[in-house]
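Visitor: Could you take me on a close look at the place where the ligand sits? I'd like one long walk through it, and then whatever else turns up along the way.

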Amino acid sequence: MKRKRIIEILDHPTTGETVFVKGWVRAFRSNRFIQLNDGSTMNNIQAVVDFENFDEKLLKRVTTASAIAVQGKLVESEGKGQSHEIAVEKIEIIGDANPDDVQKTVMQPKKHSLEFLREQAHLRFRTNTFGAVFRIRHGLTFAVHKFFHDKGFYSLHSPIITGSDAEGAGETFHVTNFDLNEIPKTENGEIDYSEDFFGKAVNLTVSGQLEAELGALALGQVYTFGPTFRAENSNTSRHLAEFWMIEPEVAFNDLNDNMDLTESFLKYLCNFVLENYPDDLNFLDARDQQEQKAKPEKDRNPMTLTERLKFVANNNFERITYTEAIELLQRSKPYKKKKFKYLVEWGTDLQSEHERYLVEKEFQKPVIITDYPASFKAFYMRQNDDDKTVAAMDVLFPGIGEIVGGSQREERLDVLKKKCADFNIDEEELWWYLDTRKFGTVPHSGFGLGFERMVMFATGMTNIRDVIPFPRTPLNAEF
Ligand code: ATP
Ligand code: MN
């Protein structure tokens, strides 16, 4: 008989149909009720056995985490919690699970801390929480491609190994095949990269943007969606050493077009999860509400997870300049009461305490801050007419902080060359980037969305380590 996925049966149950399913046992209660899950959905199917009809030894092997196949008739369920259940006729054990061993794992059906689940990241997919998170993560991946494809963008695979770290986006990981015990040196004692695999120093990419720009200046609108690496030793709940980033780049777009694109993209992603993952979302919503209750009243989010997604999908983002943000902050209560730890002054970068105040207290919705001082933004951002600020934009989300960073790019060769000099960037290393400004250069813009930060927002998970299958963070590369 052909196996059916549990989701197919639960979504379209036909009473009386004989069905054949395979999955992992979540629980076996009263020697009668098996809860079976095959990962296709949050929901288990209930399989009911008449123990008199089965070999006792066989039933003993139906334990939590074991893999079994079940065949039987689909009947209407008398119990609550499910409309239909399988009246089991045949059971086959596919893979045993020793109950004593299961006891020590996250599969033991009880509440486990997220820290403990991280230590067992190889098994945490078996839990409801992580099943839901990773189904939604998949949904978002698909939605990213769908959004851009439907808008006529081309996906561009930017390189993972690159010679450019000119962006200054973060500390890089070096890539080499030197024997680390015998690194070739030049006469003056420096590492001789001409002897290395690529004949030059290379690193793992911190961003695919520069390459995306090259694509956009021919294909019109492109996006990258790939892994990104930053050796930042920060160990926060929002930073990974390896994360995934989506970077669209569009020729002829100015900063306003860029903001419009970002906003419609983020709204689309929220709607996609709302429409396609109601079961997973409901589960995570209940989970989130329990977490909220455990917090002190002032830190609680007044909105549920679903409400937060709907809110972003249905409300315009606030758009303010950096200069306005500084003025707002200087008029704010926490500023006057000296509650901010960091300086609020034109010319200094906004810290997360300031961003949180603006998003969570002042506006209570996503905020786009534009036109930052040139000094703390990247060299490629377009110089504004005031000569002090650049056409940059950061999108801040409630509970997350910065989720998107983007800008209009400097398309004027002379200005760009001057910026390289100001930032101590060797023009020769970036010759290919500068070259595009010589042949029909045009205004263009793009941004980077940190994919995991979006998954955090969509799932209500508050630690970035819990939205990527195997997190890479300082001192941690297990699995
Ligand atoms: P942050 O200030 O939060 O460190 P950033 O300014 O370094 O961010 P960008 O260089 O603009 O970030 O990168 C674009 C996006 O990538 C950010 O808006 C964020 O969503 C995401 N991002 C940046 N660094 C990380 C990281 N270490 N782990 C996960 N996501 C990240
Ligand atoms: Mn950073």
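Guide: Here is the ligand site, followed by the largest pocket and a few single residues.

Keep in mind that this is a predicted model. For the setting, the protein has 479 residues, and 49% of them are buried. DSSP-style elements come to 15 helices and 16 strands. Along the principal axes, the C-alpha trace spans about 85 × 60 × 45 Å.

Now to ligand 1. Its shell holds 15 residues, and the ones that come nearest are Glu232, His239, Glu402, Ile403 and Arg453. Have a look at Glu232 in particular: an N or O atom in its side chain is 2.5 Å from a nitrogen atom of ligand 1. Arg230 also reaches in with its side chain, where an N or O atom is 2.9 Å from an oxygen atom of the ligand. Gly450 does things through its backbone instead, with a polar backbone atom 3.2 Å from an oxygen atom of ligand 1. How much of the ligand ends up covered? Taken alone, ligand 1 exposes 580 Å², and the protein buries 82% of that.

As for who builds the shell, three strands each give two or more residues: strand 11 (242-251), strand 15 (401-408) and strand 16 (444-450). Strand 15 gives the most, with 4 residues. If you sort the shell by class, you get 6 nonpolar, 4 polar and 5 charged residues.

Next, the largest pocket. About 1,400 Å³ of space lies in it. The lining counts 41 residues, and Asp299, Arg356, Glu360, Lys361 and Gly399 are the ones that lie nearest the pocket's centre. Sorted by class, that lining has 17 charged, 14 nonpolar and 10 polar residues. Helices turn up here: helix 8 (278-293), helix 9 (305-314), helix 11 (333-336), helix 12 (352-363) and helix 15 (451-459) each supply at least two residues of the lining. Helix 12 gives the most, with 7 residues.

A couple of backbone oddities are worth a stop too. Remember strand 11 from the ligand shell? Phe252 sits in the loop between strand 11 and helix 7 (255-276). Its phi is near 75 degrees, a positive value in a residue other than glycine. Phe252 has a relative accessibility of 62%, so it counts as exposed, the cut-off for that being over 50%. Ser30 is another residue other than glycine with a positive phi, near 55 degrees. You'll find Ser30 in the loop between strand 1 (18-29) and strand 2 (33-37). With a relative accessible area of 59%, Ser30 is exposed.

For a loop residue that is tucked away, try Thr105. Thr105 lies in the loop between helix 3 (99-103) and helix 4 (114-119). Its relative accessible area is 12%, so Thr105 is buried, since buried means under 20%. Thr105 also has a contact to look at: its side chain reaches the backbone nitrogen of Met107 at 3.0 Å.

Strand 4 gives you two residues to compare with the loops. Ala69 lies in strand 4 (residues 67-76), and so does Leu74. Ala69 is at 2% relative accessibility, which means it counts as buried. Leu74 is buried as well, with a relative accessible area of 0%. Both can serve as starting points for distances across the model. From Ala69 to Ala477 you go 408 residues in sequence and 35 Å in space, C-alpha to C-alpha. From Leu74 to Asp371 you go 297 residues in sequence and 62 Å in space, again C-alpha to C-alpha.

Last stop, the start of the chain. Arg3 is found in the segment before helix 1 (6-11). Arg3 is partly exposed, with a relative accessible area of 40%. Its C-alpha atom is separated by 7.5 Å from that of Val19, and the two are 16 residues apart along the chain.

So, to go back to your request: around ligand 1, keep Glu232 and its 2.5 Å side-chain contact in view, with strand 15 as the element that gives the most to the shell.

Terms used
Residues are numbered from 1 along each chain as its sequence is written. Chains are lettered from A and ligands numbered from 1 in the order in which they are written. This is a predicted model: local features need pLDDT of at least 70, side-chain atom pairs count only at pLDDT 80 or more; totals for chains, interfaces and linings use all residues. Side-chain values use heavy atoms; hydrogens and water are left out. A residue is near a molecule or strand if one of its heavy atoms lies within 4 Å of it. A polar contact is a pair of N or O atoms within 3.5 Å; within protein, one must be able to donate a hydrogen and the other to accept it, and residues adjacent in sequence count only if both atoms are side-chain atoms. Accessible areas come from the Shrake-Rupley method with a 1.4 Å probe; for residues, only the protein chains shown count as cover. Ala, Val, Leu, Ile, Met, Phe, Trp, Tyr, Cys and Pro count as nonpolar, Asp, Glu, Lys and Arg as charged, and the others, Gly among them, as polar. On a 1 Å grid over the protein atoms alone, a cavity is a set of points where a 1.4 Å probe fits but cannot get out, and a pocket is an open set with protein on both sides within 12 Å along at least five of seven lines; lining residues have an atom within 4 Å of a point. Grid points are joined across faces, edges and corners, and a volume is the space filled by probe spheres set on the points. Buried means under 20% relative accessible area, exposed over 50%, partly exposed in between (1.4 Å probe, protein chains only).
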